[in-house]
Amino acid sequence: MDESEAAPENGGAVWAVFGDLMAGLLGAFVLMLVCVLGVQLELVTNLESEVQKRQAEQQRRMSLERVLAGPLAAGRVTLDNGRIGISGSLLFELGSARLQPEGRQLLNSLAPPLAAYLATRDELLMVSGFTDDRSVRDGRAPFADNLELSAQRAMTVTRALIEDGLPAASVFAAAFGQQQPVASNADAAGRSRNRRVEMSPVPVAGTGADTGAGAGVGSGSGAGAGADLKNGLQRP
């Protein structure tokens, strides 16, 4: 075979290799494009989900502000990021889980609007008790520790709300003791702020989410974070 016959054969082989190379590059480009589009679609989906979540949270806050307009205006409760706060000194004496008359009156005024709010939403009301970091083991207090004190206070508030018309299946209690302070326990003012009860609407599904590590004392279909005391709200 002379050189003139070998040249077309070599040229054909080169073109075949070049064609395979281009096909491979095109395939890789298409694969990268698909991956980029998939990532962008996921980002858009996540962004839309986050926007919807923020809108739902804003609507929830606005609904709570409307139903609690009176107590909020009077300064008897606070509303922070969907959590309804009540000072422990308004509800209870120091080291006690027995409601004071003023606190009982406040809960009586809160039950109807909270019941109306929950009736229109797929949510439960979590009643959380908190204390300062001072020990209750002084020989006179009937509680083993701050966790038990906060649990009894949360259950007391929960019972009062149920007695005032809040459906039992729509509310549950949770105890956090001295955990999750909102102020320093180094001075009396800070400890007073930490002794509190909070009420937070939470979704029915996954009610333990974002509630911290507390001891739950459930009622109805609700379940608090941590250990659930099934009979916590049954009277002796």
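At which residue does H4 bend, and by about how many degrees? The close-ups below start with that helix in this predicted model and then move outward.

**View 1. Helix H4 bends at Ala111.**
The bend is about 30 degrees, and a proline, Pro112, follows Ala111 within four residues. How does the span of H4 agree with its residue count? At 1.5 Å a residue, the 19 residues of H4 (residues 101-119) should span 27 Å, and the end C-alpha atoms lie 28 Å apart, which agrees. Ala111 itself is among the buried residues of H4, which also include Gly103, Leu106, Leu107 and Leu110. Beyond these, the buried set takes in Pro113, Leu114, Ala115, Tyr117 and Leu118. It helps to recall that an α-helix has 3.6 residues a turn, so residues three or four places apart point the same way.

**View 2. The largest nonpolar core has 29 residues.**
Those that touch the most other members are Ile86, Leu107, Leu110, Leu125, Val127, Leu161 and Met199. Two or more residues come from each of strand S2 (83-87), helix H3 (88-91), H4, strand S3 (123-130), helix H5 (146-163), strand S4 (171-177) and strand S5 (196-203). Which element gives the most to this core? That is H4, with eight residues. Do take a look around Leu125: leaving aside neighbours within four places in sequence, Leu125 is in contact with Leu114, Leu118, Leu161, Leu166 and Met199, among others. The contacts of Leu125 also include Ser170, Val171, Phe172, Ser200 and Pro201. Apart from the largest core lies another, of seven residues, among them Leu124, Phe130, Ala174 and Phe176.

**View 3. Phe130 and Phe176 form a stacked aromatic pair.**
How many aromatic pairs does the count come to? The count comes to one: the rings of Phe130 and Phe176 sit 5.0 Å centre to centre, with 15 degrees between the planes. The pair links distant parts of the chain, with Phe130 in strand S3 and Phe176 in strand S4, 46 residues apart. Both Phe130 and Phe176 are buried. For Phe130 the relative accessible area is 2%, under the 20% cut-off, so this residue counts as buried. Leaving aside neighbours within four places in sequence, Phe130 also contacts Ser150, Arg153, Gly177, Gln179 and Gln180, as well as Asn194, Arg195, Arg196 and Glu198. Phe130 and Pro181 are 51 residues apart in sequence, yet 7.9 Å apart in space, C-alpha to C-alpha.

**View 4. Arg104 and Asp164 pair across 60 residues of sequence.**
Side chains of opposite charge can pair when their charged atoms come close. How many salt bridges does a search of the whole structure find? The search finds eight. In one of them, Arg104 meets Asp164, with the closest N and O atoms 2.6 Å apart. Arg104 belongs to helix H4, while Asp164 lies in the loop between H5 and S4. With a relative accessible area of 25%, Arg104 is partly exposed.

**View 5. Asp132 and Arg195 meet in a salt bridge.**
Their N to O distance is 2.7 Å. Asp132 is in the loop between S3 and H5, and Arg195 is in the loop between helix H6 (188-194) and S5, 63 residues apart. Are Asp132 and Arg195 buried or exposed? Both are buried.

**View 6. Further salt bridges involve Arg121 and a network of four residues.**
Arg121 forms a salt bridge with Glu123, the closest N and O atoms being 3.5 Å apart. The two partners are set differently: Arg121, at 26% relative accessibility, counts as partly exposed, whereas Glu123, at 13%, counts as buried. Elsewhere, Asp80, Arg83, Arg196 and Glu198 are linked in a network of salt bridges.

**View 7. Asn81 and Gln180 each have a positive phi.**
Most residues other than glycine have a negative phi. Asn81 is not a glycine, yet its phi is about 55 degrees; Asn81 is found in the loop between strand S1 (78-80) and S2. Gln180 likewise has a positive phi of about 55 degrees without being a glycine, and its place is in the loop between S4 and H6. At 38% relative accessibility, Gln180 counts as partly exposed.

How values were computed: Residues are numbered from 1 along each chain as its sequence is written. This is a predicted model: local features need pLDDT of at least 70, side-chain atom pairs count only at pLDDT 80 or more; totals for chains, interfaces and linings use all residues. Side-chain values use heavy atoms; hydrogens and water are left out. The expected span of a helix is 1.5 Å times one less than its number of residues. The bend at a residue is the angle between axes fitted to the seven residues ending there and the seven starting there. Buried means under 20% relative accessible area, exposed over 50%, partly exposed in between (1.4 Å probe, protein chains only). A nonpolar core is a set of buried Ala, Val, Leu, Ile, Met, Phe, Trp, Tyr and Cys residues joined through side-chain atoms within 4.5 Å. Contact means heavy atoms within 4.5 Å. A salt bridge is a side-chain nitrogen of Lys or Arg within 4 Å of a carboxyl oxygen of Asp or Glu. Rings of Phe, Tyr and Trp (its six-membered ring) pair if their centres lie within 6.5 Å; planes under 30 degrees apart count as stacked, over 60 as edge-to-face and the rest as tilted.
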